[in-house]
Amino acid sequence: MLKEDDRTAGILLNITGNGKGKTTSAFGITIRALGWGWNVVFLQFVKGTVETGEKHFFDALNHPLLRFEQLGAGLSWHPGDHKGMAETGWKRAEEMLHSDQVNLLVMDELNIALHYQWLELDRVLDALRQRPPHQNVVITGRYAPAPLLELSDLVSEIRSVKHPYDKGIPAIRGIDF
């Protein structure tokens with residue numbers, strides 16, 4: 001049996017479901033990885049035109065081991081070139097999936113891009129299978145496709161029990177973005 005420090009194989013995590021906390025979970029994993037001196041790339045596939053607290057934080061942090069990029073056209077229900085932006089973002093993700101230097105790659109809201117068919121699922125699955133063996137990947141977003149869940153080593157489904165949206169309360173700066 002391997003000791004914790006001997007483990008070198010990377011895993012694929014998928015955090016999905018209709019509840020709040022998918023991206024927040026990915027931020028927690030990011031903080032842990034940075035704490036251990038990992039090289040981390042955090043790519044957001046939907047956000048990009050939306051001003052967010054996480055962008056402000058990571059820009060101000062200016063951590064030498066973290067690259068944080070917003071690659072999307074904004075919220076999925078707003079107009080924009082979502083497919084084109086997802087394709088550009090995926091090219092960036094493929095670069096990172098081929099890099100031996102990246103210990104953790106977070107692809108926030110990739111499940112959304114796959115659900116809306118902004119990206120081809122087989123292409124994503126192939127790239128994930130071919131990543132360096134030590135590389136850990138976190139994918140977030142609702143509507144994770146079954147083949148991606150099958151490939152994943154860890155799947156967490158976050159369900160909504162109660163949400164302020166149900167009372168007509170809009171997204172709150174500092175809580176939701």
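1. Let's start with Ile-169, which sits in the segment after β6 (154-157). This is a predicted model, so read what follows with that in mind. At a relative accessible area of 36%, Ile-169 counts as partly exposed. Together with Ile-172 and Ile-175, Ile-169 makes a nonpolar surface patch of about 250 Å².

2. At the other end of the numbering, have a look at Ile-11, found in the segment before β1. Ile-11 is partly exposed, with a relative accessible area of 25%. Its C-alpha is separated by 6.4 Å from that of Val-137, although the two residues are 126 residues apart along the chain. Once neighbours within four places in sequence are set aside, the contacts of Ile-11 are Arg-131, Gln-135, Asn-136, Val-137 and Asp-153.

3. Next, helix α1, which covers residues 22-35 and has 14 residues. From first C-alpha to last, α1 reaches 20 Å, close to the 20 Å expected at 1.5 Å a residue. The buried set in α1 consists of Lys-22, Thr-23, Ala-26, Phe-27, Thr-30, Ala-33 and Leu-34. Viewed down the axis of α1, these buried residues fall within an arc of 140°, so they line one face of the helix. Ile-31, Arg-32 and Gly-35 are on the other side of α1, and they are exposed.

4. What covers that buried face of α1? The cover includes the strands β1 (12-16), β2 (40-44), β3 (66-70), β4 (104-108) and β5 (136-140), along with helix α2 (53-61). As for what comes after the helix, α1 is followed by Gly-37, whose phi is positive, near 80°.

5. Now for the charged pairs. Searching the whole structure turns up seven salt bridges. One of them joins Arg-92 to Glu-69, with 2.8 Å between the closest N and O atoms. Arg-92 belongs to helix α3 (residues 82-97) and Glu-69 to strand β3, so this pair ties together parts that are 23 residues apart in sequence. Are the partners buried or exposed? Both Arg-92 and Glu-69 are buried.

6. Arg-92 has another partner to check: a salt bridge with Glu-95, where the closest N and O atoms are 3.0 Å apart. Arg-92 and Glu-95 are three residues apart in helix α3, which means they are separated by about one helical turn. That spacing makes sense, because an α-helix has 3.6 residues a turn and residues three or four places apart point the same way. Glu-95 is partly exposed, with a relative accessible area of 47%, whereas Arg-92 is buried.

7. Helix α5 (residues 121-129) holds a pair with this kind of spacing: Asp-126 and Arg-129 lie three residues apart, about one turn of the helix. They form a salt bridge whose closest N and O atoms are 3.3 Å apart. Asp-126 counts as partly exposed, at 37% relative accessibility. As for networks, Glu-69, Arg-92 and Glu-95 are joined into one by salt bridges that share partners.

8. Last point, staying with α5: which of its residues are buried? Val-124, Leu-125, Ala-127 and Leu-128 are. Down the axis of α5, the buried residues fall within an arc of 165°, so they line one face of the helix.

Notes: Residues are numbered from 1 along each chain as its sequence is written. This is a predicted model: local features need pLDDT of at least 70, side-chain atom pairs count only at pLDDT 80 or more; totals for chains, interfaces and linings use all residues. Side-chain values use heavy atoms; hydrogens and water are left out. Patches are made of residues with over 30% relative accessible area and no salt bridge: like charges are joined within 9 Å, nonpolar side chains (Val, Leu, Ile, Met, Phe, Trp, Tyr) within 5 Å. Accessible areas come from the Shrake-Rupley method with a 1.4 Å probe; for residues, only the protein chains shown count as cover. A salt bridge is a side-chain nitrogen of Lys or Arg within 4 Å of a carboxyl oxygen of Asp or Glu. Helices (H or I, at least four residues) and strands (E, at least two) are DSSP runs, numbered from the N terminus. Buried means under 20% relative accessible area, exposed over 50%, partly exposed in between (1.4 Å probe, protein chains only). The expected span of a helix is 1.5 Å times one less than its number of residues. The arc is that of the directions from the helix axis to the C-beta atoms. Contact means heavy atoms within 4.5 Å.
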